[in-house]
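Welcome! Please take a moment to look over the sequence and the 3D structure, and then read on for a short guided tour.

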Amino acid sequence: MSRLPAPLNKLPLPIIGSPLFIISNPKLVIAQCTSGVVGSMPALNARPAAQLDEWLAEITEALAAWDKAHPDQPAAPFAINQIVHKSNDRLEHDMAMCVKYKVPVIITSLGAREEINQAAHSYGGVVMHDIINNKFAHKAIEKGADGLIAVAAGAGGHAGVKSPFALIQEIRQWFDGPIALSGAIASGDAVLAAQAMGADFAYIGSAFIATHEARAAEAYKQAIVEGNSDDIIYSNLFTGVHGNYLAPSIRAAGLDPENLPESDPSKMNFGGDAKKAWKDIWGCGQGIGAVSKLQSTAEFVAQLKQEYRAARARLQALPAV
């Protein structure tokens with residue numbers, strides 16, 4: 001395990017909730033943090049841009065109130081995801097809002113930029129950059145990121161194709177900082193497995209969609225409850241970047257999930273068209289077979305904690321080698 005920077009060094013559970021495009025909102029973030037896991041959301045979920053100021057105020061005030069009322073059970077920190085790709089014309093504004101509210105953790109995606117890392121570091125923030133291979137991991141750390149989110153095969157949304165075993169072992173050969181592992185993690189057993197491989201945190205997204213606080217259509221939530229890994233399709237058609245999506249939503253859009261055309265990666269876009277695409281086509285990871293019911297975020301985190309403890313107990317009962 002690596003030495004973890006504040007604010008990531010005292011989490012009740014080693015879990016970071018991944019930012020869910022369109023779906024994550026202050027209600028979900030606050031529920032995650034008060035349950036003991038890092039809650040997060042994309043800055044782009046606040047629309048118009050001015051709404052981000054309001055949302056960050058709401059989150060910081062709610063978590064401060066929680067900490068005052070629960071001094072023995074403080075909330076976990078929260079994170080804001082910044083899409084660093086050139087198509088994001090809000091990046092400068094949104095990062096200024098993060099600096100204003102001293103957002104504890106910044107998650108950067110689709111590009112690594114030194115000035116974003118420096119802005120976060122100016123107030124003591126931690127930057128976690130998501131990557132899909134060892135080459136991008138090196139670039140992120142060289143440009144000043146504090147930690148990495150290893151997006152392995154099976155993750156929801158923009159996922160890589162590397163086995164988590166291969167990805168983590170290659171990064172750990174040279175990097176001793178914080179790593180979160182993403183890819184089909186939806187149970188406490190999988191959280192412990194991520195740590196056993198060398199990650200510090202599990203990065204969980206799709207399972208949080210099936211919670212009451214998530215801003216997702218009920219049909220989307222129910223599809224996750226009823227679905228499994230056979231229902232996940234890997235394609236770059238919708239945003240120009242390969243990702244995992246729920247087959248039922250692709251069929252509902254009049255497309256054949258088994259015969260999707262390839263998209264031109266040079267036309268990658270995260271503006272209004274992307275929002276429409278992700279509203280109609282539902283991103284989702286392969287781990288949803290572990291999700292069997294709709295429940296509150298607090299109930300889901302409590303389930304993860306129970307499963308995690310049970311998994312640790314099973315390991316301790318194994319014969320010594």
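What follows is a walk through the hollows, one helix, the cysteines and some single residues of this chain.

Before we set off, please keep in mind that this is a predicted model.

**The cavity**

Let us begin on the inside. How many cavities of 30 Å³ or more does a search of the whole structure find? The search finds one. About 70 Å³ of space lies in this largest cavity. Around the space you will find Ala207, Ala210, Thr211, Ala290, Val291, Ser292, Lys293, Gln295, Phe300 and Gln303 as its lining. By character, the lining of the largest cavity splits into five nonpolar residues, four polar ones and one charged one.

**A pocket**

Next comes the second largest pocket, which has a volume of about 210 Å³. The pocket is lined by 15 residues, and the closest to its centre are Lys10, Pro12, Pro74, Ala75 and Ala76. Which helix gives the most to this lining? Helix α1, made of residues 26-35, does so with three residues. Taken by type, the lining of the second largest pocket holds eight nonpolar, four polar and three charged residues.

**Helix α2 and aspartate 67**

Now follow the chain to helix α2, which covers residues 51-69. Its 19 residues, at 1.5 Å a residue, should span 27 Å, and the end C-alpha atoms are indeed 27 Å apart, so the expected and modelled values agree. Which residues of α2 are buried? They are Leu52, Trp55, Leu56, Ala57, Ile59 and Leu63. The buried residues of α2 pack against two helices, α1 and α3 (91-101), and against two strands, β2 (39-42) and β3 (78-83).

Helix α2 is also the place of aspartate 67. Is this aspartate 67 buried or partly exposed? With a relative accessible area of 32%, aspartate 67 counts as partly exposed, because that value falls between the limits of 20% and 50%. Beyond its neighbours within four places in sequence, aspartate 67 is in contact with Pro74 and Ala75. Pro74 and Ala75 are already familiar, as they are among the residues closest to the centre of the second largest pocket. Asparagine 88 sits 21 residues from aspartate 67 in sequence, and their C-alpha atoms are 34 Å apart in space.

**Aspartate 230**

Another aspartate to look up is aspartate 230, in the loop between α9 (218-226) and β9 (232-235). Its relative accessibility is 67%, so aspartate 230 counts as exposed. Along the chain, aspartate 230 and isoleucine 288 are 58 residues apart, while 10.0 Å separates their C-alpha atoms.

**Cysteines**

How many disulfides does the count come to? The count comes to zero. Cysteine 98 helps to show why: the closest cysteine sulfur, in cysteine 33, is 14 Å from its own, which is too far for a bond, since a disulfide needs two sulfur atoms within 2.5 Å. Cysteine 98 is buried, with a relative accessible area of 0%. Cysteine 284 is likewise buried, with a relative accessible area of 0%.

**Backbone details**

Finally, take a look at some points along the backbone. Two cis peptide bonds can be set side by side:

| Cis peptide bond | Omega | Place of the proline |
|---|---|---|
| alanine 6 to proline 7 | near 10 degrees | segment before β1 (15-17) |
| arginine 47 to proline 48 | near 5 degrees | loop between β2 and α2 |

Positive phi values are worth a visit too. Lysine 102, a residue other than glycine, has a positive phi near 50 degrees. You will find lysine 102 in the loop between α3 and β4 (105-109). With a relative accessible area of 53%, lysine 102 is exposed, because the cut-off for that word is over 50%.

Leucine 110 is not a glycine either, and its phi is positive at about 55 degrees. The loop between β4 and α4 (114-121) is where leucine 110 is found. At 28% relative accessibility, leucine 110 counts as partly exposed.

How values were computed:
Residues numbered from 1 in each chain as written. Predicted model: local features only at pLDDT ≥ 70, side-chain atom pairs only at ≥ 80, totals over all residues. Heavy atoms only, no water. 1 Å grid on protein atoms, 1.4 Å probe; cavity = no way out; pocket = protein on both sides within 12 Å on 5 of 7 lines; lining within 4 Å. Points joined across faces, edges and corners; volume = space filled by probe spheres on them. Nonpolar A, V, L, I, M, F, W, Y, C, P; charged D, E, K, R; others polar. Buried < 20%, exposed > 50% of the residue type's maximum accessible area, 1.4 Å probe, protein only. Helix = DSSP H or I, 4+ residues; strand = E, 2+ residues; numbered from the N terminus. Expected span 1.5 Å × (residues − 1). Contact = heavy atoms within 4.5 Å.
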